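Please open the model in a viewer and keep the sequence panel visible. The tour below proceeds by selection, each stop naming what to pick and what is found there.

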Amino acid sequence: MTTLAQDRRPVVLSIAGITLFAVGAALVLLLQLVPPTDEISVTSRTISEYGLSDNKWVFDLAVVLVAVGSAVTLAVLRLQRRLPGVSAVFGALWTIGLLVIVAFPKTNWASATGSGAGGTLHRVASVVAFVCLPLAVLIAARTTFPRSPRRRFAARLLAVLSLGWFGIILGAVAVAAVNDERWWQLIPLGIVERGMALTELVALAALAAPVRVQAPDEPAPATP
């Protein structure tokens, strides 16, 4: 039989962290259901558009909750020596990127003719965050789940799917550069970004969910 580790603090902290970023994700979903943000198109508008509305405080709270929850879960994995150093760096960049997104709202193109320094920082932070998290999960999967090939495979699959969403954006940018078009009009950007964000949070949850440890008298299963 298997037993949970005697020290339950890592388990409690991991669950608390996952709960925090799950609540953050739920708040983002709520923004699409209440006025005035219910009028924002989920097809063509990015998630950051909520940060330009009267519900900005809800958006900011949601992103901060995701950042804090991410930091907690990644810290627990690192303290358990289940998160490689490279993954810890990528995870930190993801968390910092989220906080920069809150500190510097996206450019409001309805009233601006160009992107200022704040808008540029927001855009760069978004790219860094969305790329770094799946890389962190992909690299960490083997170390995090040395005896659980199914969970290792699930984490890797979710990480690859997350990068696949980003690949759609890169493809649109490449096509637009060749055809002299606006890349964000070539794809349903809102759906792509939301799909990417959801997949990445599920990937992080898959990585951070507590594992069961072997009892002292139980032989470890063979790994491929």
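Begin by selecting Pro36, which lies in the loop between α1 and α2. Display the backbone here together with Pro35: the peptide bond from Pro35 to Pro36 is cis, and its omega is near -5°. Most peptide bonds are trans. As the coordinates come from a predicted model, this geometry is a feature of the prediction.

**The whole chain**

Now select the entire chain and colour it by secondary structure. Six helices and two strands make up its secondary structure, and their order along the sequence is β-α-α-α-α-α-α-β. Of the 224 residues in the chain, 39% are buried. With a surface representation switched on, the chain exposes about 12000 Å², of which carbon and sulfur atoms supply 68%. If contacts between residues at least 6 apart in sequence are drawn, 72% of them join residues at least 24 apart.

**Colouring by confidence**

Switch the colouring to pLDDT. The chain averages 89, and 88% of the residues score at least 70. Which elements mark the lowest and the highest confidence? Strand β1 (residues 2-3) has the lowest mean, 40, whereas helix α3 (residues 85-103) has the highest, at 97.

Select residues 1-5 next: pLDDT stays under 50 throughout this stretch, and the model gives it ten contacts beyond four places in sequence. Then select residues 214-224, where pLDDT likewise stays under 50. For this second stretch the model has 13 contacts beyond four places in sequence.

**Helices α1 and α6**

Select residues 9-31, helix α1, and residues 189-208, helix α6. The two pack with their axes 10 Å apart, at an angle of about 170°. Since angles over 145 degrees count as roughly antiparallel, α1 is roughly antiparallel to α6. To see the contact, show the side chains of Ser14, Ile18, Phe21 and Ala25 on α1, and of Leu201, Leu204, Ala205 and Ala208 on α6.

Remain on helix α1 and centre the view on Ser14. Is Ser14 buried or exposed? Its relative accessible area is 4%, and Ser14 is therefore buried, the cut-off being under 20%. Apart from residues up to four places away in sequence, Ser14 touches Thr73, Val76, Ala208 and Pro210.

**Helix α2 and the residue that follows**

Select residues 56-79, helix α2, and place a distance label between its end C-alpha atoms. The label should read 34 Å, and this agrees with expectation because 24 residues at 1.5 Å a residue should span 34 Å.

Moving onward along the chain, α2 is followed by Arg81, which belongs to the loop between α2 and α3. Arg81 is not a glycine, yet its phi is positive, at about 60°. Most residues other than glycine have a negative phi. The relative accessibility of Arg81 is 76%, so this residue counts as exposed.

**Two stops on helix α3**

Select Leu98 in helix α3. With a relative accessibility of 9%, Leu98 counts as buried. Which residues are in contact with Leu98, leaving aside its neighbours within four places in sequence? They are Val63, Val66, Ala67 and Ala129. Add His122 to the selection as well: Leu98 and His122 are 24 residues apart in sequence, and their C-alpha atoms are 9.1 Å apart in space.

Then select Ala103, also found in helix α3. Ala103 has a relative accessible area of 52% and is exposed, whereas Leu98 is buried. A distance label from the C-alpha atom of Ala103 to that of Asp60 gives 8.6 Å, although the two residues are 43 residues apart along the chain.

**The loop between α5 and α6**

For the last stop, select Asp180, in the loop between α5 (149-179) and α6. What is the phi of Asp180? The angle is near 55°, a positive value in a residue other than glycine. Asp180 has a relative accessibility of 73% and counts as exposed. To compare the two loop residues, show Asp180 and Arg81 together: phi is positive in Asp180 and positive in Arg81.

Key: Residues numbered from 1 in each chain as written. Predicted model: local features only at pLDDT ≥ 70, side-chain atom pairs only at ≥ 80, totals over all residues. Heavy atoms only, no water. Helix = DSSP H or I, 4+ residues; strand = E, 2+ residues; numbered from the N terminus. Expected span 1.5 Å × (residues − 1). Buried < 20%, exposed > 50% of the residue type's maximum accessible area, 1.4 Å probe, protein only. Contact = heavy atoms within 4.5 Å. Areas by Shrake-Rupley, 256 points an atom, 1.4 Å probe, with all protein chains shown as cover. pLDDT = per-residue confidence, 0-100. Axes fitted to C-alpha atoms, helices over the stretch in contact; angles between N-to-C directions. Parallel < 35°, antiparallel > 145°, perpendicular 65-115°, else oblique.
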